[in-house]
Amino acid sequence: MRRKASLILLALAVFCAALSPLLRWYAFPRLAKIPANQYQDMVLEAKNATLLDYGTMKAKTVPKVTVVQTLRGNVEASQKIEKTAGKDVVVWDSLSYVQGPDGKMVSRIPERYIFDAHTQEPVHATGEMVDGDPVTRAGIEFKWPFLTERRDYEYFDAQARTTAPIHYKGTQDFRGVRVHYFEQTIPWTKVPFPKTLPVRGITARSLAKTGTTRWYTTVRKFWVEPVTGAPVYGEEIHKEELRGGTLLGGRDKVTAFAGHVKMREDYIRSTVALVKSNCTVVLLMTSYLPWGLLLLGLLLLTLSLWLEARGRRPADPAPTEAAAPEPVSA
């Protein structure tokens, strides 16, 4: 019985030891993915910002500019692309909606972002766009890869329609979450006008006819939880200018928007809580279960060897009966 139990324990030990790396290096890359139907929204604010009044074409300081960003998973579009892509694909239809302190629209820029559900690498397909303009993305946007590394990444800038490095600046603690801090600077760059503008009758095409151009620069900052690759917080020091042309009435340039855009406090709290819960799920597959199975395998192997050693130990000799004492003769 001891030998049979030892063999069973040995088989279980081998199974656990083999399952540990398979779970980490084979199952995890295939099972961990972004759901196709994900929906999320985020509100950012720039307080005491500078904003252009398109009615007077003069910049003024306003108490607050609000940016509402939404990401909506398009399941139907992702399923259609998967048929030809041969991989799990996520399609995010996003909208960046900017409104002034009076609640009126300043701009709205839609995007369609198509990417690999497992690696977050962009997938190029019909419909990939920014504000109606077809684009071919390179690098990441919105979401970092699972198990984000301490290195620079390529990040797509939707305003400039270009990709530039976003630099790893160190690891920090952000409200109880260990995060990697990344920063990207986009220098002054000529960018298109939004197709939807706040004043009726003024369009991107009519502005282009005046010779006036739009320029933009930003310092983009992200605090990314490395296990899930999800940003828990973000900021932008954002500036836009209109330059030249007849629209400015002889002025060289005018500020269209300038402000330090930050996530609103309630969205910071909800994002941190969500990322913490998702982090536990990912750690189960990358750390807790693989290491747990490996330790269990070692424990079972030790127990198996101990039982085997007990089974092979020679049995103690049976005690012999003491001979009766012989009588002593005188």
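A residue counts as buried when its relative accessible area is under 20%, as exposed when that area is over 50%, and as partly exposed in between, with a 1.4 Å probe and protein chains only. The structure used in these exercises is a predicted model, in which local features need pLDDT of at least 70 and side-chain atom pairs count only at pLDDT 80 or more, whereas totals for chains, interfaces and linings use all residues. Residues are numbered from 1 along each chain as its sequence is written, and side-chain values use heavy atoms, with hydrogens and water left out.

**Exercise 1. Decide whether W144 is buried or exposed, and describe its pairing with F182.**

Step 1. The relative accessibility of W144 is 0%, so W144 counts as buried, and F182 is likewise buried because its relative accessible area is 0%.

Step 2. Rings of Phe, Tyr and Trp (its six-membered ring) pair if their centres lie within 6.5 Å, and planes under 30 degrees apart count as stacked, over 60 as edge-to-face and the rest as tilted. By this rule there are 15 aromatic pairs. In one of them, W144 and F182 lie 5.3 Å apart, centre to centre, with 35° between their planes, and the pair is tilted.

Step 3. Helices (H or I, at least four residues) and strands (E, at least two) are DSSP runs, numbered from the N terminus. W144 lies in the loop between strand 6 (133-134) and strand 7 (153-157), while F182 belongs to strand 9 (residues 177-191), so that the pair links parts of the chain 38 residues apart.

Step 4. Ring pairs also join W144 and F182 with Y153, Y155, Y168 and F222 in a cluster. The charged end of R151 sits over the ring of Y153, 4.0 Å from its centre, where such a placement requires NZ of Lys or CZ of Arg within 6 Å of the ring centre and within 35 degrees of the ring normal.

**Exercise 2. Trace the order of the strands in the sheet and place helix 2 on it.**

Step 1. Two strands pair if DSSP finds at least two bridges between them. The 12 strands form an open sheet in the order 6-5-4-3-2-1-12-11-10-9-8-7, with antiparallel pairing; strand 6 and strand 7 are the edge strands, each pairing on one side only.

Step 2. Strand 2 (residues 58-73) pairs with strand 3 (residues 89-99) in the antiparallel sense over eight bridges, and L71 stands opposite S94 in strand 3. Helix 2 (residues 75-85) packs on the sheet and touches strand 2, strand 3 and strand 4 (105-116), its direction making about 140° with that of strand 3. Contact here means heavy atoms within 4.5 Å, and axes are lines fitted to C-alpha atoms, for helices over the stretch in contact, with angles from 0 to 180 degrees between N-to-C directions.

Step 3. Strand 1 and strand 12 (residues 253-263) pair in the antiparallel sense over four bridges, whereas nine bridges join strand 12 to strand 11 (residues 230-243), again antiparallel. Within strand 12, K262 is the bridge partner of E45 and also of E235.

**Exercise 3. Find where R137 lies and which residue its side chain joins by a polar contact.**

Step 1. R137 is in the loop between strand 6 and strand 7, and R137 counts as buried because its relative accessibility is 2%.

Step 2. A polar contact of 2.8 Å joins the side chains of R137 and E141; the term denotes a pair of N or O atoms within 3.5 Å, where within protein one must be able to donate a hydrogen and the other to accept it, and residues adjacent in sequence count only if both atoms are side-chain atoms.
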